[in-house]
Amino acid sequence: MEDFLVFEGISKSFGSHKVLDNVSLTVKKGEIFSLLGPSGCGKTTLLRICAGLEEPDCGRVILNGEDITRLSPNMRQVNTVFQNYALFPNLNVFENIAFGLRISGVKEKVIKEEVFKYLELIQLTDHAYKRTDKLSGGQKQRVAIARALINKPNVLLLDEPLAALDLKLRQRMLVDLDNIHDEVGITFLYVTHDQSEAMSLSDNIAVLNEGLVEQVGTPAQIYEAPRTSFVAAFIGDTNFFEGDVVDVDEPYSTLHIDGFTDVTVYNDKKIRKGERVYISIRPEKFSVSIQKPELPEKYNIVKGTVKEIIYLGYHTKYWVKVNEYLIETKRLHDRYMLDEKIITWGDEVWLSWHADYCYMLEQYKLEDEALLTLPDEEIMAEIESESEQQE
Ligand code: ATP
């Protein structure tokens, strides 16, 4: 796929606050590309720069080979869908969708054909002549999407379009959005702070934090191979460890992790003996068992005590105390679960995991640990007082 929308070295400040810092991204033609990050990281500002509603202090926006950085919004072939729908309340569904074509002077017959084509796409043909205030939130958002798409923009910008909808409706709308995208094939630039939305919808994701791009990749790359502690903690949950390399046997290394154990890790970063490294291990990568399992080579194993359990239906989270560490693990339930011995509070369990699941980070910041899910404060206090007694 060709490079279609390119942000080149975009920086933007409001007063002394630098909101975007030398952001460069490339969006391919026809893909769904998400800007994902916490509130205030600058994603909406980047979207507004693309729409022409904000000017960058420096850098360029290239769309389909043309520099559009200084072009007025109505001269760019981009349309935006907002969180609050922004429909015209005095116009019915049909007229909302027809609006762009009407002001372009398109013939009535063509308008009718086109509007009904898009009404079918959003599955609201039966609601064509309804007032928009009689629609549900999800229906309003579909009208907003059709109103934007009918102008056949080069890029559809979506600014947190599902944020006002409840969970079930959001999940349905994600499927609808994906189908609409497949049907029209237009490039989508999608802004969200919700990692599951970005993961389920996107071809590629840029993770932003404080105006900087932390990582760009497919959902699987971002989840399985996070580059930084911020990405590892913001996209799902994880466990961080800091260790010293005590042995290198390419492509594996052994880390000594103080207060935990020695761990075999996959090493694609060309690290050497004596170096200090940080790794991330996702909760579901640990196997949790009461019986000590027989393990093939390159597996790590350690014994711990279950301190906290949260049952979530399709999986259960266990926090297991191993020496000085509290490890978050996750166990999926399958149909054999009922026959198994149930793991409960205080049980001694074995945690085992393959060396390939220890992902080495290029950049680690202690403050990112605040993004991790932890058990409730009482349990944490109990664990801390236990550790102090042991010392
Ligand atoms: P959210 O999801 O909360 O909108 P965001 O990642 O989209 O977050 P932006 O809306 O791009 O973030 O805002 C980034 C920062 O820039 C915020 O601190 C915001 O207050 C500030 N900001 C945005 N627009 C302006 C403006 N016009 N004037 C001053 N500050 C602004």
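How many nonpolar, polar and charged residues does the shell around the ligand have? In this predicted model, local features need pLDDT of at least 70 and side-chain atom pairs count only at pLDDT 80 or more, whereas totals for chains, interfaces and linings use all residues. Residues are numbered from 1 along each chain as its sequence is written, and side-chain values use heavy atoms, with hydrogens and water left out.

The shell has four nonpolar, six polar and two charged residues; Ala, Val, Leu, Ile, Met, Phe, Trp, Tyr, Cys and Pro count as nonpolar, Asp, Glu, Lys and Arg as charged, and the others, Gly among them, as polar. Its members, each with a heavy atom within 4 Å of the ligand, are F14, H17, V19, P38, S39, G40, C41, G42, K43, T44, T45 and E160.

Oxygen atoms of the ligand lie 3.0 Å from a polar backbone atom of G42, 2.9 Å from a polar side-chain atom of K43 and 2.5 Å from an N or O atom in the side chain of T45. On its own the ligand has 630 Å² of accessible area, of which the protein covers 58% (Shrake-Rupley method, 1.4 Å probe). Two or more residues of the shell come from each of β2 (17–28) and α1 (43–51), and α1 gives the largest share, three residues. Helices (H or I, at least four residues) and strands (E, at least two) are DSSP runs, numbered from the N terminus.

Elsewhere, H315 is found in strand β17, residues 315–322. H315 is buried, at 5% relative accessible area (buried is under 20%, with a 1.4 Å probe and protein chains only). Beyond neighbours within four places in sequence, H315 is in contact with I310, K330, R331, L332 and H333 (heavy atoms within 4.5 Å).

Terms used: A polar contact is a pair of N or O atoms within 3.5 Å; within protein, one must be able to donate a hydrogen and the other to accept it, and residues adjacent in sequence count only if both atoms are side-chain atoms. Buried means under 20% relative accessible area, exposed over 50%, partly exposed in between (1.4 Å probe, protein chains only).
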